[in-house]
Structure formats: structure tokens, C-alpha cells
Protein chains: 4
Amino acid sequence: MAIVEVSVVPIGSPCTSLSEYVADALAVLKESGLKFQLTSMGTIVEGDLDKILDIIRRMHETTFAKGIMRVVTTIKIDDRRDKPNTGEGKVQSVLKKLK
Amino acid sequence: MAIVEVSVVPIGSPCTSLSEYVADALAVLKESGLKFQLTSMGTIVEGDLDKILDIIRRMHETTFAKGIMRVVTTIKIDDRRDKPNTGEGKVQSVLKKLK
Amino acid sequence: MAIVEVSVVPIGSPCTSLSEYVADALAVLKESGLKFQLTSMGTIVEGDLDKILDIIRRMHETTFAKGIMRVVTTIKIDDRRDKPNTGEGKVQSVLKKLK
Amino acid sequence: MAIVEVSVVPIGSPCTSLSEYVADALAVLKESGLKFQLTSMGTIVEGDLDKILDIIRRMHETTFAKGIMRVVTTIKIDDRRDKPNTGEGKVQSVLKKLK
């Protein structure tokens, strides 16, 4: 189980708002059934790494489908194999120590 | 007003868990009074860009203070000046289009 | 043709030097035949996006094969489809304007 | 001495080519006297961390000066304090192990 953050950014888009592009990419993720959290700086997905990368590949493509000719996609993978790795667990572990 | 995501990662730490390092960096951010959200992949901060960068510089230092000799810090700045840029506004704007 | 930057970072490695891990990941890339450039902050690969992502998936795995239990891999894709997108072309285009 | 990679990306730019924006940001860096390397995916700077962050803050501003209303700037800091950290040293260390 990996936790992956992804952000898909169109270059040369007609306006400064990107929400319509993010919504299209997110629609693909939503229908995948993978667990995800939308944040103000990207989308965090949890699950099988290969499945996640496959979906991200399709999310990347949605922006070209809207007529954009250049896309910058950033992917950060946190893959931990010594114990269960969940987003909720990571956050709780920090908050407990922060007090 | 900028939205900035930051992640501070120790290299060569004695264990695979990083929550104690994240908690120390977060303590500095918390006492700054800046608005922030801890996610499973980083911390998102909102406010004046110069003030945020100043705090991040100090968050970066907390990991060395714990005896770590190498730190990789990643910062992503989203700075929008044509209209108010808030994390909550960005997320709502996407969700409205996602339906 | 995409240009992709990748960095594979072990968490909880026994020392602060990461070159042996980078070398192992790079060996996989080298034998793929893809065009790449090693920089001090990552590795830049050029070619077919699907082929590159497939190789990066294997590069990510080399660090676990060395006994590391947690790996953070960062991937940045620059995918441009309105004209040929080469690393050399991008750099030359900037230098020409920089004078 | 830190090694820092930076990339400044305009959002909503009139065309897909970004080289004129990169050239303007680079002009600021060039006149700072800091050692840097332009790559196809960003710019790598070496030197005192505070000085570098100060210059990056000014590089970020050059894109707004060209009329762009939204800028995404990504900064990755590799700060190592147990031994000298140079870009050339890092690359050579990997190549030696890669054979």
C-alpha cells in the first residue's frame, strides 16, 4: 500500500483558474474506486502502487483531452513496507507527538 | 496571499518513521500563527509569502537540531494575484465542478 | 515524447550518502536504452512517456531490493504535444533569450 | 552549502513556450554570482542556503513582472552538513559506483 500525491497542471491554459481541469482528472480517479483526498495543493491517493500509477497516467491525459497542448504532472510516492502505511495513520502519528 | 506546501525529510534517520521530525517542524509553524493543514504528504500553509518562507526556513532547521546531518526540504508555492487565493476556495471550486 | 525528472530517496538508510542507491536505480535506466542525464538533484529522462514510467516503476523497486523499507520517489513529467520537446531544445531556447 | 533546484512556472500564460519567463528569472540568478546549472527541468543552484532562498524569492517575482497573474514555484533543497556537498561531487560519486 502506497500513498501518492499527484498534481496535473496545464501550461498555456486560457485562464488562471485550473479547477475545471482538476475536476476532469478527479472524475477519472473517483470512478477508479481508489481512496483519495483532494487538498488545495494536489490530490492524495492511497492503495496499490501499480493501480495508482495506472490511474494517474489516465488523469494526466484528461487535460490534453480538453485541448491543452502541454501538461506538467508531478507525482510523489511514499511507499513503506515495514508496516501498514495509511494517510490517517501518518497524520495521527504526528498529531500525537505534537500535542 | 499564497498557498504553500512544504515537506521536510531527514536523510539517514535511524528509523523509517518520520513523525517525530514532522512534529518538531510543525511546532514551529503552529507557534507562528499562520493558517495550516497537515496532510499525509506534507503541510499546507496559507498567508503572506515572505512570512511563510521565513517560517519554512526555521522548520528546515529543526531536523538538524535533532542530530540529522542531511535534510531534503520540498516547497511548492501557488501564488495567485488576480483574485483571493484560499485553500478552502480552491477545493470548493473543484468539488462544485466535479458534482 | 516527454521529458521526465525522477528522484528515488531511501528513508531510514544507514548513512547520509545515497549514491549507491542512485547508482542501482540508474543501472536499470541505463540498460533500458532511454536517453537520460544525471544531475546533482535527480535524473532527467527523455522518450515515450509510457516506457519511461515503466522504467521508473522498476527504478523505485531497486531501493527496496537493497533492504530499505521505505522509499520516497518524486516524478515530474513535462509533456508537450504541439511541437518536438527535447531537453537540449528547451535549454537552448532559454540560453538564446538570456544572452 | 546547499544544493537547491528551482522551477518557476507561469499559469495562464498566452503560449505553451515558457523560455522567455525562464530567461528572465535566470537573469536575476546570473547577476547574483551564485553557481548554477540550467537543466531541461529546472535550475540547480549551489551555495549559502539563505542567499539562494533570497534570490529564488526574486526569481519568483520576475514572472509577475511580465504580466502573469499566477505562478507556481517549486523548490527542492538538499542540505548536507556532515561533509562538503557539491553538485559535481554528487554526480561523480554516483558515476563511480555505476561503472
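Student: Which residue of chain D comes closest to the rotation axis?
Tutor: That is D:Ile75, whose C-alpha lies 2.5 Å from the axis. Before we go on: this is a predicted model, where local features need pLDDT of at least 70, side-chain atom pairs count only at pLDDT 80 or more, and totals for chains, interfaces and linings use all residues. Residues are numbered from 1 along each chain as its sequence is written, while chains are lettered from A and ligands numbered from 1 in the order in which they are written.

Student: Fine. What rotation superposes chain D on chain B?
Tutor: One of 180°, with 0.0 Å of shift along its axis and an RMSD of 0.0 Å (a least-squares fit on the C-alpha atoms of residues with pLDDT of at least 70 in both copies). That is how a two-fold axis relates two copies. Both copies also use the same surface, since 100% of the contact residues of chain D recur in chain B, a contact being two residues with C-beta atoms, placed from the backbone, within 7 Å.

Student: How many residues of chain D are in contact with chain B?
Tutor: 18 residues of chain D are in contact with 18 residues of chain B. On the chain D side, α2 (49-65) and β4 (70-80) are the elements that give two or more residues. The largest share, 11 residues, is from β4(D). (Elements are DSSP runs numbered from the N terminus: helices are H or I with at least four residues, strands are E with at least two.)

Student: And how does that side divide into nonpolar, polar and charged?
Tutor: The side of chain D that touches chain B has 7 nonpolar, 3 polar and 8 charged residues. Here Ala, Val, Leu, Ile, Met, Phe, Trp, Tyr, Cys and Pro are nonpolar, Asp, Glu, Lys and Arg are charged, and the others, Gly among them, are polar.

Student: In what sense do β4(B) and β4(D) pair?
Tutor: Antiparallel, over 11 bridges; strands pair if DSSP finds at least two bridges between them. As an example to look up, B:Val71 stands opposite D:Asp79 in β4(D).

Student: What is the order of the open sheet with those two strands?
Tutor: It has 8 strands, ordered β2(B)-β3(B)-β1(B)-β4(B)-β4(D)-β1(D)-β3(D)-β2(D), with antiparallel pairing. At its edges are β2 of chain B and β2 (35-39) of chain D, each paired on one side only. From one strand to the next, the twist averages 15° (axes are lines fitted to C-alpha atoms, for helices over the stretch in contact, and angles run from 0 to 180 degrees between N-to-C directions). Within chain D, β1 (residues 2-10) runs antiparallel to β3 (residues 42-47), joined by 5 bridges, and D:Val4 has D:Val45 as its bridge partner in β3(D).

Student: Over to A and C, then. What is the order of the strands in the open sheet there?
Tutor: The 8 strands run β2(A)-β3(A)-β1(A)-β4(A)-β4(C)-β1(C)-β3(C)-β2(C), and the pairing is antiparallel. β2 (35-39) of chain A and β2 (35-39) of chain C each have a single partner strand, so one side of each lacks a neighbour in the sheet. In chain A, β1 (residues 2-10) and β3 (residues 42-47) pair antiparallel over 5 bridges, with A:Val6 opposite A:Thr43 in β3(A).

Student: New topic: how many residues does the contact take from chain B and chain A?
Tutor: 25 from each of chain B and chain A. On the chain B side, β1 (2-10), α1 (19-32), β2 (35-39), β4 (70-80) and α3 (87-98) each supply at least two residues. α3(B) gives the most, with 7. That side of chain B divides into 11 nonpolar, 6 polar and 8 charged residues.

Student: What rotation superposes chain B on chain A?
Tutor: Again a 180° one, with 0.0 Å of shift along its axis and an RMSD of 0.0 Å. In chain B, B:Thr39 comes closest to the rotation axis, at 4.1 Å (C-alpha). The copies meet through the same surface, because 100% of the interface residues of chain B are also interface residues in chain A.

Student: Which residues touch the most other members of the largest nonpolar core?
Tutor: A:Val4, B:Val4, C:Val4 and D:Val4, in a core of 111 residues. Such a core is a set of buried Ala, Val, Leu, Ile, Met, Phe, Trp, Tyr and Cys residues joined through C-beta atoms within 7 Å. Leaving out residues up to four places away in sequence, A:Val4 touches A:Val45, A:Ile52, A:Ile75, A:Lys76 and A:Ile77.

Student: Last one: why does D:Glu20 count as partly exposed?
Tutor: Because D:Glu20 has 16 C-beta neighbours inside 10 Å; buried means 20 or more other C-beta atoms, placed from the backbone, within 10 Å, exposed means 12 or fewer, and partly exposed is in between. D:Glu20 belongs to helix α1 (residues 19-32) of chain D. Its C-alpha is 9.5 Å from that of D:Thr63, 43 residues apart along the chain.
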